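Please open the model in a viewer and keep the selection panel at hand. The tour proceeds by short selections, each followed by what is to be found there.

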Amino acid sequence: MNELISLIKQSSLFSSLSVEEIGEIRDLFASITFDTDDVIFNEGDPVAGLYIVVTGDILIYRHMGGGERELKHLSSGEVFGEMGTLTEAQRSATAKATCASECLEVSKENFNLILDNYRKVERQIMKTLIDRLKSTEENANHYILQAYKSLLLSLSSLAESRDNETGGHLHRVQGYCRLLAAKLATQQQFSEQVNEHFVESIHTVAPMHDIGKVGVPDAILQKPGKLTPEEFAVMQNHSKIGGDIFTKVLKEIAFPTFEMGRNLAQHHHERYDGNGYPDKLAGEAIPLEARIMALADVYDALLSKRVYKPAFTHEKACEIIQEGRGTQFDPLLTDLMMAHIGEFEAIYKQHTGNCNLLGEESQEPVREQDSS
Ligand SMILES: [Fe+2]
Ligand SMILES: [Fe+2]
């Protein structure tokens, strides 16, 4: 019997009770054994009580989309079936023994008796409920976030595909931005601004940097050869259009990641010396995420083939980036990128399998560089 008391005490639900208190209620627990594949309760059954696993393995699963989805396996000391004991709800999942198992069962009536007499157990089940809700919410958020990231990537691909850009470019700039932000996070002076959320957010919105190209006519986007100054001005307008798209979205939902998206879209062609566009911002007035993107975008463009230039070698691309240190690019960020350039090159190689297969790629930002 002592063994039984210590097992009840080990379970999260009753751990706050003293050995004496558990002794007072031990008769409310009934031992019950199951053979392999015995179903303890089915999804949809009325709730009769809760269980503590003594020995064996109990599988909890749910029927979803025509199949079974395993939720968890429970072993000695773990509690199951407690959620329904507080309500009139039906079982939300099925429990079955995967091998010969023993459990302690507490009927719903007896559990209510315990709750009436021991506030500590009541507090504990509240805590369990809150934890359960939190993990359910986190799981749901995870799926929503994944769906939202895929949607952003698809939208961005749509804009880029009109420009003969390859998906490889979007994945690469995503990778460069995350890498550079992660390196920045290790620098003391950026540790507050560049936290984990910043790093993940820039990865999420990086593909949207050229979303404004949806507002540039095909005749300009897809024109082979050099653009006239007028056409070039229309092309440059994509950053303003991109910023406006995000501003409209932000009026509907003030989502911080979209603020970063707006900064990226609007300011990724600003230059550190103030000679960029559209707002001629200079130095640290350019949002940090846009200074990161400027490096990522140009580095990738230099390594890619264009109608009017071959793909530069990696050395040449690095040379051009370094020439732009302090004029086109943030000097600190340039140094940081150069210090870890091997990792950037690895991202380029990783996502370049299908790159250049479409032949000509985007005419910006290298084209813009040519004209500057
Ligand atoms: Fe752009
Ligand atoms: Fe780009």
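The stops below cover a strand, some loop residues and a pair of helices in what is a predicted model.

**Strand E3 and its partners**

Begin by selecting residues 49-55, which form strand E3. Of these 7 residues, 5 are buried, so the strand is largely enclosed by the rest of the structure. Next add residues 101-107, strand E8, which runs antiparallel to E3 and is joined to it by 6 bridges. To find the register, display Gly49 and look across to Ser107 in E8, which stands opposite. Then add residues 79-80, strand E6; this strand is also antiparallel to E3, with 2 bridges between them. Here Tyr51 has Phe80 of E6 as its bridge partner.

**A loop residue with positive phi**

Move to Asp37, in the loop between strand E1 (30-34) and strand E2 (39-41). Is Asp37 buried or exposed? It counts as exposed, because 10 C-beta neighbours lie inside 10 Å and the limit for this class is 12 or fewer. Its phi is positive, about 70°, although Asp37 is not a glycine. Most residues other than glycine have a negative phi, and most peptide bonds are trans.

**The loop between H10 and H11**

Both of these backbone features can be inspected in the next loop. Select Tyr277 and Pro278, which are joined by a cis peptide bond with omega of about 10°. Pro278 lies in the loop between helix H10 (256-267) and H11. Lys280 is found in that loop as well; it is not a glycine, yet has a positive phi of about 50°. With 13 other C-beta atoms within 10 Å, Lys280 is partly exposed.

**Helix H11 and its crossing with H12**

Continue to residues 288-303, helix H11. The 16 residues of H11 reach 23 Å from first C-alpha to last, close to the 22 Å expected at 1.5 Å a residue. H11 is mostly covered, with 15 of its 16 residues buried.

Now add residues 314-323, helix H12, whose axis comes within 9 Å of that of H11 and crosses it at roughly 145°. The crossing of the two helices is right-handed. Show side chains for Leu295, Val298, Tyr299, Leu302 and Leu303 in H11, which meet His314, Ala317, Ile320 and Ile321 in H12. The residues of this contact divide into 8 nonpolar, 1 polar and no charged. An α-helix has 3.6 residues a turn, so residues three or four places apart point the same way.

Notes: Residues are numbered from 1 along each chain as its sequence is written. Chains are lettered from A and ligands numbered from 1 in the order in which they are written. This is a predicted model: local features need pLDDT of at least 70, side-chain atom pairs count only at pLDDT 80 or more; totals for chains, interfaces and linings use all residues. A residue is buried if 20 or more other C-beta atoms lie within 10 Å of its own, exposed if 12 or fewer, and partly exposed in between; C-beta atoms are placed from the backbone. Helices (H or I, at least four residues) and strands (E, at least two) are DSSP runs, numbered from the N terminus. Two strands pair if DSSP finds at least two bridges between them. The expected span of a helix is 1.5 Å times one less than its number of residues. Axes are lines fitted to C-alpha atoms, for helices over the stretch in contact, and angles run from 0 to 180 degrees between N-to-C directions. A crossing is left-handed if the near helix is turned anticlockwise from the far one by less than a right angle, and right-handed if clockwise. Two residues are in contact if their C-beta atoms, placed from the backbone, lie within 7 Å. Ala, Val, Leu, Ile, Met, Phe, Trp, Tyr, Cys and Pro count as nonpolar, Asp, Glu, Lys and Arg as charged, and the others, Gly among them, as polar.
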